[in-house]
Amino acid sequence: MAATFVNLEQLRHAKLVSDRIDAELELERQQLIKARNDPKLLILGSGDSGKTTFLKNIQLALGGGFSAPQREVYRQQMLSNIVESAKGLVAACDALGLDLVSGHAAERDTVLSYLHDGTSRLPDGFTHAVSVLWATHAMQAAWCNAHKFKIQDTADYFLSAAVAMGKETYTPTDIDILHIRHATTAISEYQFMVEGRRFRFFDVAGQRGFRKQWASHFDGVHAMLFITSLAGFDQMLDENPAVNRMMDALQLFEEICNNALLCKASMILFLNKKDLFERKLKHSNMSDHFPDYQGRNEYTPVLSFVQRKFMGKKLNPEKSLYVHTTCCTNQRSTAFLVASIT
């Protein structure tokens with residue numbers, strides 16, 4: 001029989017490779033164990049409910065705020081918000097038969113003809129026109145009817161300061177960033193360390209077309225944060241103008257709250273945009289959109305009605321449900337809620 005010679009150097013090399021692979025596998029195993037123990041919080045809700053604004057508050061409270069590059073991204077979104085809001089309200093004036101032409105035809109044409117090219121400023125002529133139009137009775141009347149159109153609910157915040165915000169030297173403040181609206185179209189994970197523990201927040205798009213992706217993230221969820229807009233009671237979905245936003249949120253909450261995959265997860269309901277809700281009740285009646293409401297059209301009784309509507313969707317009496325009324329653009333009050341869930 002021929003002798004077999006073993007190269008000792010090859011054996012040592014093979015042993016090193018094997019040990020390295022074993023170490024990598026063990027590290028991956030430890031990371032998986034740690035990931036299972038890290039609190040996983042899923043943030044769900046219909047579109048335009050305030051999920052992303054809530055996450056911005058978490059970034060301010062736990063993540064050290066916003067970096068200069070992040071503020072530049074938000075700056076571009078802020079400028080787009082100004083342009084889109086101004087154009088939307090001018091179009092709303094036309095649709096409602098509110099006269100902007102008499103005395104303000106030039107400003108109206110300036111707004112409608114402007115196309116933002118992605119630069120870091122807005123022309124002085126455009127922001128001046130926005131400022132003039134925003135002060136008119138017609139634009140204010142259109143703003144009171146903004147729920148009938150696709151106009152963001154923070155348009156007044158930006159249009160009232162368009163001249164200052166449009167300048168190249170302006171840097172968005174934390175409060176500005178909380179008022180910016182930019183649709184979520186993907187699933188994003190955010191991680192924050194709190195007292196040595198890593199909290200993982202998952203933000204998912206709320207529009208109907210993205211909801212089929214949610215279930216893949218239900219595994220291992222410790223808490224589910226469902227955020228809905230109180231101000232949506234008199235609005236319709238952008239993706240389906242025949243469906244009331246709050247009715248859609250109620251149906252969605254019922255499905256999520258009673259989902260078997262989330263039976264062990266704590267349920268936290270945020271009834272958001274309470275400031276806009278209170279303002280809307282001055283000129284919009286809950287009973288026009290929810291005929292089963294027969295009380296006074298005032299904040300406290302209407303809020304109680306909405307709370308009962310949502311709480312009635314929970315079928316399991318043993319499942320925990322915590323309800324908070326919020327305004328996610330209010331940094332101080334939201335910081336308290338962030339502390340309570342972490």
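Here are some worked exercises that walk you through this predicted model.

Residues are numbered from 1 along each chain as its sequence is written, and side-chain values use heavy atoms, with hydrogens and water left out. Because the model is predicted, local features need pLDDT of at least 70 and side-chain atom pairs count only at pLDDT 80 or more, while totals for chains, interfaces and linings use all residues.

**Exercise 1. A covered strand**

Task: Find which residues lie on the two faces of β1, and which strands pair with β1.

Solution:
- Step 1. Locate the strand: β1 covers residues 40-44. Helices (H or I, at least four residues) and strands (E, at least two) are DSSP runs, numbered from the N terminus.
- Step 2. Check burial, where buried means under 20% relative accessible area, exposed over 50%, and partly exposed in between (1.4 Å probe, protein chains only). Five of the five residues of β1 are buried.
- Step 3. Sort the faces. In a regular strand the side chains alternate between the two faces of the sheet. In β1, one side carries Lys40, Leu42 and Leu44, the other Leu41 and Ile43, and both sides are covered.
- Step 4. Look for partners; two strands pair if DSSP finds at least two bridges between them. β3 (residues 197-203) runs parallel to β1, with four bridges, and Leu41 stands opposite Phe201. β4 (residues 223-229) is also parallel to β1 and joined by four bridges, with Leu44 opposite Phe226.

**Exercise 2. A helix and its buried lysine**

Task: Describe α2, then say what surrounds Lys56.

Solution:
- Step 1. Compare the helix with its expected span, which is 1.5 Å times one less than its number of residues. α2 spans residues 51-62, and its 12 residues reach 16 Å from first C-alpha to last, close to the 16 Å expected.
- Step 2. Ask how covered α2 is: nine of its 12 residues are buried, including Phe54, Leu55 and Ile58.
- Step 3. Look just past the end: Gly64 follows α2 and has a positive phi, near 80 degrees.
- Step 4. Turn to Lys56, which lies in α2. For charges, Lys and Arg count as positive and Asp and Glu as negative; His and the chain ends are not counted. A salt bridge is a side-chain nitrogen of Lys or Arg within 4 Å of a carboxyl oxygen of Asp or Glu. Lys56 is buried but has no salt bridge, and Asp203, the nearest side chain of opposite charge, is 9.5 Å away.
- Step 5. List the neighbours, with contact meaning heavy atoms within 4.5 Å. Leaving out residues up to four places away in sequence, Lys56 touches Phe66, Tyr74, Ile177, Leu178 and Ile180.

**Exercise 3. The nonpolar cores**

Task: Work out which element gives the largest share of the largest nonpolar core.

Solution:
- Step 1. Recall the idea: in soluble globular proteins, nonpolar side chains tend to be buried together. A nonpolar core here is a set of buried Ala, Val, Leu, Ile, Met, Phe, Trp, Tyr and Cys residues joined through side-chain atoms within 4.5 Å.
- Step 2. Find the largest core: it has 35 residues, and Ile82, Leu89, Val111 and Phe126 have the most contacts inside it.
- Step 3. See which elements give two or more residues; among them are α3 (68-96), α5 (124-134) and α6 (137-144). The largest share, 10 residues, comes from α3.
- Step 4. Note that another core, of 33 residues, lies apart from this one, with Val204 and Phe310 among its members.
- Step 5. Zoom in on Val111: beyond neighbours within four places in sequence, its contacts include Ala86, Val90, Phe126 and Leu133.

**Exercise 4. Salt bridges across the chain**

Task: Trace three of the salt bridges and say where their partners sit.

Solution:
- Step 1. Take the total: the structure holds 16 salt bridges.
- Step 2. Begin with Arg198 and Asp38, whose side chains meet at 2.6 Å, N to O. Arg198 is in β3 and Asp38 in the loop between α1 (8-37) and β1, 160 residues apart. Asp38 counts as buried because its relative accessibility is 5%.
- Step 3. Next, Asp153 and Arg181 meet at 3.2 Å, N to O. Asp153 lies in the loop between α6 and α7 and Arg181 in the loop between α9 and β2 (188-194), so this bridge ties together parts 28 residues apart in sequence.
- Step 4. Then Asp156 and Arg279 meet at 3.5 Å, N to O. The pair links α7 with α11 (residues 274-280), 123 residues apart.
- Step 5. Finish with the network: salt bridges link Asp48, Asp153, Arg181, Asp238, Arg245 and Lys273.
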